[in-house]
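Visitor: I would like a close look at one part of this model, the place where several helices pack against one another. Please take me through it contact by contact.

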Amino acid sequence: MKRPNLRYLLHNLFTESNRGLLLDLVVFVANLFLMRTLAGLFIDLFRHSSAGEPLARFALGLTAVAMYALSPAAAILKRRHFQQRWKERNRSYETEFDGPYGCLFHPIFYLSLNLVLMCAIVAVAGDFIFGSKLLMESGNIFLPMIFGGLALTIFQTYLVYRYFSPPQRPPRSEFLQHPASERLGDLFIFVNMLLYQVAWNLLTDSRLSPPSGVGEFIGRLGFLTFIALLVYFPPRMLYLAEDLHRRRTWLTMLLANSPVIARVVLGI
């Protein structure tokens, strides 16, 4: 049997059904060569924001808004294209995710993560617009922002999970049926994932000493692997719906996170 050549493999990598694999490889390369630099830039942003610089606060707020909004935007842009491929394979969301992975696709998991993001957005936006003192002292500003953010987060979660249900009517915009809408949605997913990875690198940037023994090594490895995949799952969820049952998927997801896991586990 003739083995596929490099051109075929590259072409197959860039097909719509393999975007998750491409994302994993991009994140792996970024974690090897780029993320430490980006994390350093964000540390500087936090430092300038703490010093009261409006531009730094605005940049951090914009980053949080992007992490919050890019997934539902991608879900809207990609929904019809995904459902068309799903229909061609005679698959249904209900039967596909009733198995052992169904809990990962439960909306409460996604909702909880985005409530944390929403609180960060409210804190940054309130401080930037009203000032921290006014925000803390004035319940008629703070509470409506919190409850408004909660309602918006529930709606945002609905938009993301509507991705898994087939549309019942034609779209109002013809752009949503054009291939360019899916490519734009893919771009949003890639940007969102890279922002999540910056945040993950910042959270794991503490300098730990090398493990003292085999037990500590195994403990760190198991805990970090579990947490890394939990953090990695939400921004990759739209792709995971298509490649969940491929054997390589969990391996490539682990590969994408392996530079961070190795750094923390080994204390380097």
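Guide: What follows describes the packing around one helix and its partners. This is a predicted model, in which local features need pLDDT of at least 70, side-chain atom pairs count only at pLDDT 80 or more, and totals for chains, interfaces and linings use all residues. Residues are numbered from 1 along each chain as its sequence is written, and side-chain values use heavy atoms, with hydrogens and water left out.

Helices here are DSSP runs (H or I, at least four residues), numbered from the N terminus. Helix α9 covers residues 179-203 and helix α10 residues 214-243; they pack at about 160 degrees with axes 9 Å apart. Axes are lines fitted to C-alpha atoms over the stretch in contact, and angles run from 0 to 180 degrees between N-to-C directions. α9 and α10 are therefore roughly antiparallel (an angle over 145 degrees). Contact means heavy atoms within 4.5 Å. Residues of α9 that meet α10 include Ile 189, Phe 190, Met 193 and Trp 200, and the α10 side includes Leu 224, Val 231 and Tyr 239. By class, this contact has 13 nonpolar, two polar and two charged residues. Ala, Val, Leu, Ile, Met, Phe, Trp, Tyr, Cys and Pro count as nonpolar, Asp, Glu, Lys and Arg as charged, and the others, Gly among them, as polar.

Helix α2 (residues 19-33) also meets α9; their axes come within 11 Å and cross at roughly 35 degrees. Among the residues in contact are Leu 22, Val 26 and Ala 30 of α2, and Asp 186, Phe 190 and Leu 194 of α9. The classes here are nine nonpolar, three polar and two charged residues.

The axes of α2 and α10 come within 8 Å, crossing at roughly 145 degrees. In α2, Arg 19, Gly 20, Leu 21, Leu 23, Asp 24 and Val 27 meet Tyr 232, Arg 236, Tyr 239 and Asp 243 of α10. The contact of α2 with α10 has five nonpolar, one polar and four charged residues.

Definitions and conventions
Helices (H or I, at least four residues) and strands (E, at least two) are DSSP runs, numbered from the N terminus. Angles under 35 degrees count as roughly parallel, over 145 as roughly antiparallel, 65 to 115 as roughly perpendicular and the rest as oblique.
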